[in-house]
Protein chains: 4
Amino acid sequence: MINFLDKRKEKKQRIIDAAASVFAEKGYSGTVMADIAKQAGIGKGTIYEYFPGKEELFFSVFEWMNTKMKQTARVSIAALGETAAGRLRVFSRVVVDAYNELQDMYTLTLEFWSAAAASPMRDRFQKALRQMYADYREMAASIIEDGIKSGEFRYDVDSRAMAAALVGGFDALGIQAWLEARFDMNGVSREFLETVIRGMKK
Amino acid sequence: MINFLDKRKEKKQRIIDAAASVFAEKGYSGTVMADIAKQAGIGKGTIYEYFPGKEELFFSVFEWMNTKMKQTARVSIAALGETAAGRLRVFSRVVVDAYNELQDMYTLTLEFWSAAAASPMRDRFQKALRQMYADYREMAASIIEDGIKSGEFRYDVDSRAMAAALVGGFDALGIQAWLEARFDMNGVSREFLETVIRGMKK
Amino acid sequence: MINFLDKRKEKKQRIIDAAASVFAEKGYSGTVMADIAKQAGIGKGTIYEYFPGKEELFFSVFEWMNTKMKQTARVSIAALGETAAGRLRVFSRVVVDAYNELQDMYTLTLEFWSAAAASPMRDRFQKALRQMYADYREMAASIIEDGIKSGEFRYDVDSRAMAAALVGGFDALGIQAWLEARFDMNGVSREFLETVIRGMKK
Amino acid sequence: MINFLDKRKEKKQRIIDAAASVFAEKGYSGTVMADIAKQAGIGKGTIYEYFPGKEELFFSVFEWMNTKMKQTARVSIAALGETAAGRLRVFSRVVVDAYNELQDMYTLTLEFWSAAAASPMRDRFQKALRQMYADYREMAASIIEDGIKSGEFRYDVDSRAMAAALVGGFDALGIQAWLEARFDMNGVSREFLETVIRGMKK
DNA sequence: TATGAATGAGAATTCATTCAT
DNA sequence: GATGAATGAATTCTCATTCAT
């Protein structure tokens with residue numbers, strides 16, 4: 001029984017993997033179910049044994065990617081015993097590493113945004129992305145707040161605003177890195193972060 | 001003759017306007033040529049007298065939007081005689097104003113990114129977006145460099161990196177503002193910019 | 001303008017004709033839209049310019065056949081100045097003639113019944129068939145009632161019951177005639193009617 | 001061995017029962033093999049151990065229903081020692097009772113007709129229905145003939161024609177009863193039969 | 001023997017584009 | 001020039017049937 005469920009989950013994941021790579025390459029609309037099936041090495045009809053349709057599958061891909069990134073982020077950020085600045089540096093490194101790792105899946109992210117912008121799935125995606133952004137901001141904000149409390153950062157720093165800017169900033173650097181092969185994401189993000197930290201320090 | 005060309009240009013623009021609003025609402029794939037025609041108050045076939053097809057029309061919408069934003073930006077940023085920090089503040093305000101103004105067209109931007117990510121038009125869009133980002137970065141970088149030269153900013157500030165971060169940051173705040181109605185873009189962007197400026201100052 | 005509407009109506013009818021013959025031959029489910037298009041000598045997509053889908057088209061075929069039969073019936077039955085028995089004979093002849101004429105379309109009728117029995121269109125068809133039967137019964141009942149009033153038929157004849165039996169009877173003879181080539185519908189229906197008339201006469 | 005065959009027959013019947021109820025509700029095309037399996041409480045594949053496919057199963061349902069009705073009819077009609085009119089009344093009651101009993105299966109009958117009208121199974125169904133109708137007509141005809149011979153009915157009554165009309169008539173009343181909940185089948189069929197008997201009597 | 005996961009043929013429908021008017 | 005009727009390629013999804021377990 002457990003074995004059965006495992007098998008099913010495994011196959012579901014195989015389809016998600018295949019779908020992710022095809023969606024990443026051709027975009028949501030450009031992707032044809034048959035391509036996903038071929039990529040997964042299964043029959044066209046089989047996908048529908050695991051997912052109700054294209055939209056659901058796409059959303060599942062989103063959820064999988066989302067979960068994956070959040071796990072990475074949360075684990076790494078827990079790093080305690082550091083200064084707030086130090087933890088922000090860890091946060092930065094984690095995000096940058098994640099981008100580097102998923103670089104060729106980055107187009108997927110853009111597809112998700114597009115789905116949130118205008119599509120029958122708009123609402124689900126907006127909600128999910130809103131939550132995702134909120135989570136990341138929350139992580140950053142709590143670090144900054146710790147910094148303020150400990151006296152490391154100026155008392156008048158707006159932690160929520162800066163968290164939004166930091167999270168957004170890293171995201172935007174990711175986009176530029178994806179767009180330009182020679183964009184030095186590591187360097188730029190470090191420089192950016194240090195400047196912001198300097199601006200927040202007493 | 002000139003009159004004739006004007007008429008044609010005018011009609012072309014009308015189609016672009018109509019296309020922009022429909023693309024913004026339904027996304028590229030969700031948009032049907034007939035809807036654009038109806039919105040423009042013309043016949044379906046007429047669009048093809050002015051544009052070779054859907055893709056070209058979409059790209060024309062992109063170019064039109066791009067041009068429009070760049071003009072606004074360039075004009076406003078020319079503001080001389082200010083300190084570098086002051087000019088960055090103007091830059092910021094311009095960008096924020098542009099977002100506020102175009103808010104309901106913001107989905108279009110996401111569609112452009114999606115087109116750059118994966119679509120038959122991928123290359124054109126990537127190139128254009130690359131250029132666009134480069135232009136904005138260049139604007140910001142030149143202001144920062146002026147600040148360094150004038151001694152207003154630290155000599156070790158990496159102007160290109162900070163330009164990328166600033167431009168990207170504003171972009172990312174725009175996305176968050178679009179996603180969450182109550183996101184205080186004005187406040188956050190001011191807070192963000194001031195912190196960065198502080199971090200760059202001597 | 002009128003010309004335009006005429007053209008459209010004409011083409012719509014051409015599609016209905018084509019559909020009727022294909023539905024009659026292959027049944028609703030066995031019919032493929034492409035076959036109808038081919039039969040009508042048009043492109044597959046063109047059907048959808050005139051009908052929203054297969055179901056609607058099928059229902060339109062039903063309505064067309066229904067209208068056609070009812071017109072024939074009503075016109076002929078108006079024959080006044082006859083005895084009730086005479087008018088029932090006219091009624092009978094009209095119905096029998098109609099069956100003979102539409103013999104190769106008879107399968108369509110069975111498809112309509114099947115659609116009423118179990119299909120997503122069930123309700124519409126049930127309603128329409130109910131109305132159709134009610135109309136025919138009404139015609140027959142009014143003749144019988146006239147016969148009762150005029151003293152031609154027994155005062156205790158239940159006109160509504162006999163109308164139902166007569167209409168149903170003819171219908172059922174039609175089915176048997178369709179099923180067996182050598183079924184003598186003319187003879188049987190005459191015999192049937194005369195017996196019933198005899199039974200109703202004083 | 002006999003036990004084994006019994007078990008098999010029993011299960012086959014269970015499948016037929018399940019199939020009958022699903023076909024009745026959703027029609028032939030609307031019925032999905034999986035639904036039948038679920039209704040029968042067995043696995044999808046198991047059906048194919050007992051029937052070669054959907055068509056065969058459907059035909060088996062038809063045969064089962066056919067047999068069932070014919071048995072009822074034959075048994076009841078054998079009632080001897082009565083007048084011809086009396087036996088016709090029994091015949092009528094039996095048919096009417098059967099309709100009342102199978103009311104919610106009536107849609108099945110319409111599906112059978114539709115299958116006979118146009119489907120790959122057309123020939124089989126036509127043949128079987130032809131036989132079925134012939135049998136019922138034969139039953140009625142023999143009663144009428146007895147009535148003629150015994151001098152109860154007019155010598156010029158066409159027994160075959162009247163048998164066709166009677167059998168068809170009851171069928172058609174069944175359809176109307178199915179279509180309209182408040183159709184008084186009992187009353188109408190009695191009225192109908194009495195009038196016909198009166199018309200046949202000397 | 002029983003099962004249900006896997007399959008792919010097949011069908012309805014959509015829509016960018018063409019072209020006769 | 002402007003139009004919109006006509007088209008058919010392309011796509012999603014369904015489901016009878018098979019077959020390995």
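Q: In this predicted model, what makes a residue count as near DNA strand E, and how many residues surround the strand?
A: A residue is near the strand if one of its heavy atoms lies within 4 Å of it. In the predicted model, 31 residues surround DNA strand E, and the closest are K11(A), K44(A), T46(A), Y50(A) and T46(D).

Q: Which part of DNA strand E, sugar or phosphate or else bases, supplies the atoms within 4 Å of the protein?
A: Sugar or phosphate accounts for 61% of those atoms, and bases for the rest.

Q: Which helices supply at least two residues each of the surface near DNA strand E?
A: Chain A supplies them from helix 1 (2–30) and from helix 3 (44–50). Chains B, C and D each do so from helix 3 (44–50).

Q: What is the make-up of the surface near DNA strand E by class?
A: There are 11 nonpolar, 10 polar and 10 charged residues.

Q: Why is the pair formed by T46(D) and a phosphate oxygen of DNA strand E called a polar contact?
A: A polar contact is a pair of N or O atoms within 3.5 Å. An N or O atom in the side chain of T46(D) is 2.3 Å from a phosphate oxygen of DNA strand E, so the pair meets the cut-off.

Q: How do you know that K54(B) and K44(D) also make polar contacts with DNA strand E?
A: The cut-off is again 3.5 Å. For K54(B), a backbone N or O atom lies 3.0 Å from a phosphate oxygen of the strand. For K44(D), an N or O atom in the side chain is 3.3 Å from a base nitrogen of the strand. Both pairs therefore qualify.

Q: Why are chain A and chain B said to be related as by a two-fold rotation axis?
A: Chain B can be laid on chain A by a turn of 179° and a shift of 0.0 Å along the axis, with an RMSD of 0.1 Å. The two copies are thus related as by a two-fold rotation axis. The same surface serves both: 100% of the contact residues of chain B recur in chain A.

Q: How far apart are the nearest C-alpha atoms of chain B and chain C, and of chain B and chain D?
A: Chain B does not touch chain C, and their nearest C-alpha atoms are 14 Å apart. Chain B does not touch chain D either, with nearest C-alpha atoms 31 Å apart.

Q: Which residues make the contact between helix 6 of chain C and helix 8 of chain D, and of what class are they?
A: Helix 6 (residues 106–117) of chain C and helix 8 (residues 159–179) of chain D pack at an angle of about 35°, with axes 12 Å apart. The crossing is left-handed. W113(C), A116(C) and A117(C) meet I175(D), W178(D) and L179(D). By class, the contact has six nonpolar, no polar and no charged residues.

Notes: Residues are numbered from 1 along each chain as its sequence is written. Chains are lettered from A and ligands numbered from 1 in the order in which they are written. This is a predicted model: local features need pLDDT of at least 70, side-chain atom pairs count only at pLDDT 80 or more; totals for chains, interfaces and linings use all residues. Side-chain values use heavy atoms; hydrogens and water are left out. A polar contact is a pair of N or O atoms within 3.5 Å; within protein, one must be able to donate a hydrogen and the other to accept it, and residues adjacent in sequence count only if both atoms are side-chain atoms. Helices (H or I, at least four residues) and strands (E, at least two) are DSSP runs, numbered from the N terminus. Ala, Val, Leu, Ile, Met, Phe, Trp, Tyr, Cys and Pro count as nonpolar, Asp, Glu, Lys and Arg as charged, and the others, Gly among them, as polar. Copies are superposed by least squares on the C-alpha atoms of residues with pLDDT of at least 70 in both. Contact means heavy atoms within 4.5 Å. Axes are lines fitted to C-alpha atoms, for helices over the stretch in contact, and angles run from 0 to 180 degrees between N-to-C directions. A crossing is left-handed if the near helix is turned anticlockwise from the far one by less than a right angle, and right-handed if clockwise.
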